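Visitor: I'm new to this one. Could you walk me through it?

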Amino acid sequence: MGMPRRLNCAAQLVALALALITTAPGSLSSRRSGALAFSVSGAAGSNVVGTIWASSEARSDNDRDRARRRKKEERKQRPRDTSDDDPNRDLMASKAGSVKSQAYAIAKAILTTGKAKVRACGPEPCYNVLKAIIRAEEMLQRQGVSPTQNLAAFPEFQVVRRSAQDTNFLVYYCRLLEKPATMMEIDRDRSVVVTNSDSTDKMASMASAIKHRLNEIKVAVVLSAGSLKIYKALKILMLAGRFLWADRDHREQDRPVIAVIPSYYEQLTRGVTRIGMKLSCFEVGSLPEPEALPHLLPLNGV
């Protein structure tokens with residue numbers, strides 16, 4: 001009696017396995033319900049209906065919502081990172097960064113400490129910093145900074161070692177400066193226009209022209225448009241500074257410090273008006289000492 005029963009059970013298990021293998025996908029219930037239903041014919045001809053309740057990997061929408069809410073509450077309860085509140089920290093510009101946010105950070109640093117230091121790597125981030133400086137100056141003037149003052153940048157290239165390789169960063173040291181007496185509207189024909197040429201000789205020629213402007217009339221104006229050309233213009237300015245220093249026999253006390261005031265200008269090309277960048281450059285004796293303006297705080301968000 002026991003043997004036939006065991007044989008019958010074994011036959012049912014074999015039939016069950018075959019049924020699972022051959023069951024059409026459409027006959028299975030959804031994974032969300034977690035149930036697989038099938039019918040098997042037993043050895044005695046009676047129908048054996050079985051149901052397997054399988055655990056589902058997919059969670060319900062309610063479970064997901066609860067998990068999201070729990071993680072959100074955990075984030076709220078974490079200690080807030082206050083490193084961004086340090087007014088002396090270096091600001092880092094990125095390609096995807098908001099110009100408005102960068103401008104706000106620069107203006108806040110200027111009012112709090114009298115200085116701002118921004119690092120950028122690559123044409124687009126370096127271009128965005130100049131746009132942020134223009135916007136930050138507008139913010140500062142709305143806060144009460146004298147219109148005779150401009151937010152100037154003192155750019156220089158620095159090599160930083162990252163991930164076992166050297167990376168060139170363009171660092172902008174920002175200060176508020178009084179407009180020099182030599183600052184004037186220079187005729188467009190006397191401005192240095194940066195072209196598309198990547199020729200070393202051409203770049204050296206443009207740098208030499210800037211050097212002569214600084215020596216003759218103490219002001220040089222560089223016109224350019226687009227992130228790539230403006231990035232090249234900044235390189236040419238660095239080269240002009242090296243030319244000036246070479247003329248002074250590389251005396252440390254005579255190292256040139258060139259201030260750059262960015263602004264926008266309109267250029268009419270073939271009947272189409274384009275917005276370009278004007279870099280007004282002049283030499284100062286040394287990097288100005290920072291002067292905070294705490295009485296103009298708090299800075300209103302714009």
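Guide: Sure, starting with a term: helices here are DSSP runs of H or I at least four residues long, numbered from the N terminus. Keep in mind that this is a predicted model.

Visitor: Which residue just after α4 takes a positive phi?
Guide: Helix α4 covers residues 123-143. Just after α4 comes a residue with a phi of about 120°. That residue is Gly 144.

Visitor: How far apart are the end C-alpha atoms of helix α4?
Guide: Helix α4 has 21 residues, and at 1.5 Å a residue it should span 30 Å. The expected span is 1.5 Å times one less than the number of residues. The model agrees with that, because the end C-alpha atoms of α4 are 31 Å apart.

Visitor: How many residues does the largest nonpolar core have?
Guide: Ile 106 and Leu 151 are among the residues with the most contacts inside that core. Leu 151 touches Ile 106, and its other partners include Ile 133, Ala 136 and Leu 140. Apart from this core lies another, of 14 residues, with Val 171 and Tyr 173 among them. The largest nonpolar core has 55 residues.

Visitor: Over which residues does pLDDT stay under 50?
Guide: The protein averages a pLDDT of 79, and 72% of the residues score at least 70. Where pLDDT is low, the predicted coordinates should not be read in detail. The stretch you ask about has 40 contacts beyond four places in sequence in the model. Its pLDDT stays under 50 over residues 24-57.

Visitor: What share of the residues counts as buried?
Guide: The protein has six helices and ten strands. Of its 302 residues, the share that counts as buried is 35%.

Notes: Residues are numbered from 1 along each chain as its sequence is written. This is a predicted model: local features need pLDDT of at least 70, side-chain atom pairs count only at pLDDT 80 or more; totals for chains, interfaces and linings use all residues. Side-chain values use heavy atoms; hydrogens and water are left out. Helices (H or I, at least four residues) and strands (E, at least two) are DSSP runs, numbered from the N terminus. Buried means under 20% relative accessible area, exposed over 50%, partly exposed in between (1.4 Å probe, protein chains only). pLDDT is the predictor's confidence in each residue, from 0 to 100. Contact means heavy atoms within 4.5 Å. A nonpolar core is a set of buried Ala, Val, Leu, Ile, Met, Phe, Trp, Tyr and Cys residues joined through side-chain atoms within 4.5 Å.
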